[in-house]
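This report goes through the overall fold of one protein chain and then through selected residues. The sequence and the model are shown first.

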Amino acid sequence: IVEEMSEPVYEHRANETLESLADKFDTLLESSGLDPHEYDVTYSSGVLTLKLGAAHGTYVINKQTPNRQLWLSSPLSGPKRFDFASQTWVYRHTGDSLHGLLAAELSRCLARPVDLSDCVYAKKNK
């Protein structure tokens with residue numbers, strides 16, 4: 001069940017989520033073995049960009065304040081819109097969480113397990 005949120009509550013949750021992911025991506029990529037010139041993590045004005053080089057593409061996660069959603073553009077699975085439900089961000093069509101989907105895809109890209117469960121609003125399932 002999608003949770004109704006005021007704009008200030010949404011902004012707080014969305015910002016916490018994106019900041020937490022940005023920090024995790026920075027740490028993850030520093031130990032990834034990828035060429036540092038090939039990857040980049042930037043978070044500015046509600047947009048988180050994760051560049052993984054020509055081989056893996058670019059992820060973009062951004063706030064959609066009017067809809068109270070986070071939108072993901074993934075080079076592997078395409079665009080998805082996540083709603084806040086049960087204390088995490090969920091893709092309504094599949095029930096996948098934002099963190100679970102990102103962990104699975106980044107595990108593929110980096111050829112090693114990626115765990116995002118310690119990020120803000122992440123859940124261990126899905």
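## Fold and selected residues

In this predicted model, residues 24 or more positions apart account for 48% of the contacts in the protein chain with a separation of 6 or more. The secondary structure consists of two helices and six strands, and their order along the sequence is α-β-β-β-β-β-β-α.

The chain has 126 residues and a radius of gyration of 14 Å, which agrees with the value near 14 Å for a compact globule of that length. Along the principal axes, the C-alpha atoms occupy a box of roughly 40 × 30 × 25 Å. Of the 126 residues, 47% are buried. The exposed surface comes to about 6,700 Å², with 50% of it supplied by carbon and sulfur atoms. The chain carries 13 positive and 17 negative charges, and the mean positions of the two sets lie 7 Å apart.

**Cysteines**

The number of disulfides is zero. A disulfide is a covalent bond between the sulfur atoms of two cysteines. For Cys 109, the closest cysteine sulfur is that of Cys 119, and because the separation is 16 Å, it is too far for a bond. Taken from the other side, the sulfur of Cys 119 has that of Cys 109 as its closest cysteine sulfur, again at 16 Å and too far for a bond. Cys 109 is buried, because its relative accessible area is 9%. Cys 119 also counts as buried, at 6% relative accessibility.

**Positive phi outside glycine**

Most residues other than glycine have a negative phi. Ala 111 is not a glycine, yet its phi is positive, at about 55 degrees. Tyr 121 likewise has a positive phi, near 65 degrees, and is a residue other than glycine. Ala 111 is located in the segment after helix 2, the helix that spans 98–110, and Tyr 121 is also in the segment after helix 2.

Which of the words buried or exposed applies to Ala 111? Ala 111 is exposed, since its relative accessible area is 70%. Tyr 121, by contrast, counts as buried at 17% relative accessibility, a value under the 20% limit for that class.

**Thr 88 and Thr 58**

Thr 88 belongs to strand 6, which covers residues 88–91. With a relative accessible area of 4%, Thr 88 is buried. Which residues does Thr 88 contact once its neighbours within four places in sequence are left aside? They are Asp 83, Ser 97, His 99, Tyr 121, Ala 122 and Lys 123. Tyr 121, which has the positive phi near 65 degrees, is thus one of the contacts of Thr 88.

Thr 58 is part of strand 3, residues 58–64. Its relative accessible area of 34% makes Thr 58 partly exposed. Apart from neighbours within four places in sequence, Thr 58 is in contact with Thr 49, Leu 50, Lys 51, Ser 73 and Pro 75.

**Two loop residues**

Asn 67 sits in the loop between strand 3 and strand 4, the latter comprising residues 69–74. Asn 67 is partly exposed, with a relative accessible area of 39%. Asp 96 is in the loop between strand 6 and helix 2. It too is partly exposed, at a relative accessible area of 26%.

**Separations in sequence and space**

The table sets the distance along the chain beside the C-alpha to C-alpha distance for four residue pairs.

| Residue pair | Separation in sequence | C-alpha distance |
|---|---|---|
| Thr 88 and Val 60 | 28 residues | 18 Å |
| Thr 58 and Ser 20 | 38 residues | 18 Å |
| Asp 96 and Val 60 | 36 residues | 17 Å |
| Asn 67 and Leu 116 | 49 residues | 25 Å |

Val 60 is the partner of Thr 88 at 18 Å and of Asp 96 at 17 Å. For Asn 67, in the loop between strand 3 and strand 4, the listed partner is Leu 116, at 25 Å.

Note on methods:
Residues numbered from 1 in each chain as written. Predicted model: local features only at pLDDT ≥ 70, side-chain atom pairs only at ≥ 80, totals over all residues. Heavy atoms only, no water. Helix = DSSP H or I, 4+ residues; strand = E, 2+ residues; numbered from the N terminus. Rg over C-alpha atoms; globule rule 2.2 N^0.38 Å. Buried < 20%, exposed > 50% of the residue type's maximum accessible area, 1.4 Å probe, protein only. Contact = heavy atoms within 4.5 Å. Areas by Shrake-Rupley, 256 points an atom, 1.4 Å probe, with all protein chains shown as cover. Lys, Arg positive; Asp, Glu negative; His and termini not counted. Charge placed at Lys NZ, Arg CZ, Asp CG, Glu CD. Disulfide = S-S within 2.5 Å.
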